[in-house]
Amino acid sequence: MVKHIILWTLKDTLSDEEKIAVKKGIKEGLEGLKGKIPGLLDIHVETEGLASSNADLMLDSSFEDEAALKGYAVHPEHVAVADEKVRPYTAVRSCLDFVAS
């Protein structure tokens, strides 16, 4: 199994209300991909970090293997969510992909 973890920091130009709406849209969009992309085993977006956090939200997803992760990256439904709900609103993205033991 391969894990795909993303941390995002939203743009500073967003108001608190806009950030709440953006986080909701990202969560609904990405979690809505479950069952639609081959090899995607699980997907969860955490939007409520503690005050000690330095990121606004996290994607925690699991794939059958690295080939499935690569397929997810270019899958049209994922690309649409990323282009419409994520990229326009995020300033910083950090990613860690690894083989889970």
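Trainee: In this predicted model, what is the relative accessible area of Lys-24, and is Lys-24 buried or exposed?

Mentor: A residue counts as exposed when its relative accessible area is over 50%, and this is the cut-off against which Lys-24 has to be judged. Because the value for Lys-24 passes that cut-off, Lys-24 is classed as exposed, with a relative accessible area of 53%.

Trainee: With which residue does Lys-24 form a salt bridge?

Mentor: Side chains of opposite charge can pair when their charged atoms come close. The partner of Lys-24 lies with Lys-24 in helix α1, 4 residues apart, which is about one turn of the helix. The partner is itself exposed, with a relative accessible area of 52%. The closest N and O atoms of this pair are 3.9 Å apart, within the 4 Å that the rule allows, and the residue that joins Lys-24 is Glu-28.

Trainee: Lys-27 forms a salt bridge with Glu-31; how far apart are the closest N and O atoms?

Mentor: Lys-27 and Glu-31 both belong to helix α1 and stand 4 residues apart, about one turn of the helix. Lys-27 is partly exposed at 26% relative accessibility, and Glu-31 is likewise partly exposed, with a relative accessible area of 26%. Between the two side chains, the distance separating the closest N and O atoms is 2.8 Å.

Trainee: How many residues apart in sequence are the parts that the pair Lys-36 and Glu-77 ties together?

Mentor: These two residues form a salt bridge whose closest N and O atoms are 3.8 Å apart. Lys-36 is partly exposed at 45% relative accessibility, and Glu-77 is partly exposed at 34%. Since Lys-36 sits in the loop between α1 and β2 while Glu-77 sits in helix α3, the parts tied together by the pair are separated in sequence by 41 residues.

Trainee: How many salt bridges does the count come to by this rule?

Mentor: The rule asks for a side-chain nitrogen of Lys or Arg within 4 Å of a carboxyl oxygen of Asp or Glu. Among the pairs that meet it are Lys-24 with Glu-28, Lys-27 with Glu-31 and Lys-36 with Glu-77. Counted by this rule, the number of salt bridges is 6.

Trainee: Which element gives the most to the largest nonpolar core?

Mentor: In soluble globular proteins, nonpolar side chains tend to be buried together. Here the largest nonpolar core has 21 residues, and those with the most contacts inside it are Trp-8, Ile-26, Leu-30, Leu-33, Leu-59 and Tyr-72. At least two core residues come from each of β1 (2–10), α1 (16–31), β2 (40–46), β3, α2 and α3 (76–86). The element that gives the most, with 4 residues, is β1.

Trainee: Which residues form the negative surface patch?

Mentor: For a residue to be counted in a patch, its relative accessible area must be over 30% and it must have no salt bridge. One of the members is placed in the loop between β3 (57–63) and α2 (66–74), and this is Glu-64. Taken together, the residues of the negative patch are Glu-64, Asp-65, Glu-66 and Asp-97.

Trainee: What distance separates the C-alpha atoms of Ala-80 and Glu-66?

Mentor: Ala-80 is found in helix α3 and is partly exposed, with a relative accessible area of 30%. Glu-66, a member of the negative patch, is 14 residues from Ala-80 along the chain, and their C-alpha atoms are separated by 21 Å.

Notes: Residues are numbered from 1 along each chain as its sequence is written. This is a predicted model: local features need pLDDT of at least 70, side-chain atom pairs count only at pLDDT 80 or more; totals for chains, interfaces and linings use all residues. Side-chain values use heavy atoms; hydrogens and water are left out. Patches are made of residues with over 30% relative accessible area and no salt bridge: like charges are joined within 9 Å, nonpolar side chains (Val, Leu, Ile, Met, Phe, Trp, Tyr) within 5 Å. Accessible areas come from the Shrake-Rupley method with a 1.4 Å probe; for residues, only the protein chains shown count as cover. Lys and Arg count as positive and Asp and Glu as negative; His and the chain ends are not counted. The place of a charge is taken as NZ of Lys, CZ of Arg, CG of Asp or CD of Glu. A nonpolar core is a set of buried Ala, Val, Leu, Ile, Met, Phe, Trp, Tyr and Cys residues joined through side-chain atoms within 4.5 Å. Buried means under 20% relative accessible area, exposed over 50%, partly exposed in between (1.4 Å probe, protein chains only).
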